[in-house]
Amino acid sequence: MNPAYATVDHTFTVPLDHRAPDGPTIEIFAREVADPARAGEELPWLLYLQGGPGGKSPRPSAGSPGWLAQALTTHRVLLLDQRGTGRSTPVTARSAARFASPERLADHLSHFRADAIVADAELIRRELCGDAPWETLGQSYGGFITLTYLSQAPQGLKACYVTGGLPGLTATADDVYARTYPRVRDRVLDFYARYPEDAPRLRKIADLLAADDVRLPNGDRLTPHRLRTLGLALGMGDGFERVHWLLDEALDETLGESGGGGGELSDTFLHQVMTLTGFTDNPLFAVMQESLYGQGAGPTDWAASRALADFPEFAGDADPLLLTGEMMYPWMFREIAGLRPFADAADLLAARTDWPPLYDPSRLAANEVPLAAIVYHDDMYVDAGLSLATARRIGAARAWVTNEWEHDGVAASGGRVLARLMDLAAGRA
């Protein structure tokens, strides 16, 4: 038990496919957290829906996550490891390699979208709360899950708080990536404006990688296009600094020709790039990324890769060299060790045309569950325009638009974002 919190671990057995309750099952893990001084009280439940997809819930420690202390002043919190993550029958490269065929793996993975997570949550709610509804806090992808929850089981919800996660209700993967590339471009240019020395430094590293066969510690080749995926971090509050200080130690100039030539990439840099771009802990983030937008409107068909051709400023020889963001490309599943076992199954998921709808626009329009959402004006990951259009289509929804924080504002604000959302939902602000 963390001395700052009273915790109870829960494990639940649920169907892999909720439409076949007598079929195969998986385990779902969740950690109950309370203020030790109030652990014995009857407190309302707050279910935390983690961002992702493919991310496990945070592990509580003193002061982390930043919103938890605020939540525990009034609630008992349930930190859910969504199916396939953390301790919930995790989907890993090792487990994927055990499947007899790509078709079987793809079918298995099709049961890991928001609709299945909502069905899991309802089984858990009934076990913990009986008939009583609970509240939810959905960060990023957790907001997508929230709207699926409101579409499929609003009777289980008392109030919902969403941070940087209102999706376009009818937006296709093509719609999303047509908007994503310009936002990422602008963010990278802002990064270069803050750290102008990093633009030539990245070009130098990319040229080195194009000329030489540079290997990461796990044996993967580090290519210029894998280098560019470091831009995924730029949408967080500390993202600019994380990338800058990584690049600051990238080149070991003492290892060049005759002890002082062009330099080589440092072991520190190669290790960190392997970790940041390897998807070892969260392969579902890459595998399921585009399936978030599959709702029976045709295949997603590697939308981010197809959209790249529409933005020549992202060409590998463009000046300045632009990093990429939350885009997944087919090459990742052939070149990254942690994703290779998923390669053929990912192609099958990209070709799938029968994804069921995740949102019910008519039910959301008639929604009566209070929904308070923060929309980050400059969010690199979730388009603010789509978010605001969605907010206007949901009954009992209130949106707060701000540029005070980046995508991780709910954690970075130390509880202030969550407190204001709770006030909004309750009509106090």
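Hi everyone. Let me start with one definition: a residue is called buried when its relative accessible area is under 20%. Please keep in mind that this is a predicted model.

With that definition in hand, let's go to strand S4, residues 76-80. Five of its five residues are buried, so S4 is largely enclosed by the rest of the structure. The side chains alternate as you walk along the strand: Arg76, Leu78 and Leu80 point one way, Val77 and Leu79 point the other way, and all are buried. Yes, that includes the arginine, Arg76.

What does S4 pair with? One partner is strand S2, residues 25-34, joined to S4 by four bridges in the antiparallel sense. Strand S3, residues 45-49, is also joined to S4 by four bridges, but here the strands run parallel. Leu78 is a handy landmark in the middle of this: Glu32 stands opposite Leu78, and so does Leu47.

Now let's zoom out to the sheet. S4 belongs to an open sheet of eight strands with mixed pairing, in the order S1-S2-S4-S3-S5-S6-S9-S10. Which strands stand at the edges? Those are S1, residues 6-15, and S10, residues 397-402; each has a single partner strand, so one side of each is left without a neighbour in the sheet. On average, neighbouring strands are turned by 20° against each other, ignoring direction.

Further along the sheet, strand S5, residues 134-139, pairs with strand S6, residues 157-163, in the parallel sense over six bridges. In that pairing, Leu137 stands opposite Tyr161 in S6. Helix H5, residues 141-152, packs on the sheet and touches S3, S5, S6 and S9, with its direction making about 140° with that of S5.

That brings us to S9, residues 371-376, and to a residue I'd like you to click on: Ala372. Is Ala372 buried or exposed? Its relative accessibility is 0%, so Ala372 counts as buried. Leaving aside neighbours within four places in sequence, Ala372 is in contact with Cys160, Tyr161, Val162, Arg398, Leu421, Leu424 and Ala425. Ala372 also shows how the chain brings distant parts together: Leu137 is 235 residues away in sequence, yet the C-alpha atoms of the two are 9.7 Å apart.

I know some of you will ask about the cysteines. How many disulfides does a search of the whole structure find? It finds zero. Take Cys129: the closest cysteine sulfur is in Cys160, 14 Å away, which is too far for a bond. Cys160, which we just met as a contact of Ala372, is in no disulfide. Both cysteines are buried by our definition, because Cys129 has a relative accessible area of 18% and Cys160 is at 0%.

Finally, the whole protein. The secondary structure comes to 18 helices and 10 strands. Of the 429 residues, 56% count as buried. A compact globule with 429 residues would have a radius of gyration near 22 Å, and the protein has 22 Å, so the two agree. Along its principal axes, the C-alpha trace spans about 75 × 45 × 45 Å. Among contacts with a separation of 6 or more, 76% join residues 24 or more positions apart. As for the surface, the protein exposes about 17500 Å², with carbon and sulfur atoms supplying 50% of that.

Thanks for listening, everyone!

Terms used: Residues are numbered from 1 along each chain as its sequence is written. This is a predicted model: local features need pLDDT of at least 70, side-chain atom pairs count only at pLDDT 80 or more; totals for chains, interfaces and linings use all residues. Side-chain values use heavy atoms; hydrogens and water are left out. Helices (H or I, at least four residues) and strands (E, at least two) are DSSP runs, numbered from the N terminus. Buried means under 20% relative accessible area, exposed over 50%, partly exposed in between (1.4 Å probe, protein chains only). Contact means heavy atoms within 4.5 Å. Two strands pair if DSSP finds at least two bridges between them. Axes are lines fitted to C-alpha atoms, for helices over the stretch in contact, and angles run from 0 to 180 degrees between N-to-C directions. The radius of gyration is taken over C-alpha atoms; the globule rule is 2.2 Å times the number of residues to the power 0.38. Accessible areas come from the Shrake-Rupley method with a 1.4 Å probe; for residues, only the protein chains shown count as cover. A disulfide is a pair of cysteine sulfur atoms within 2.5 Å.
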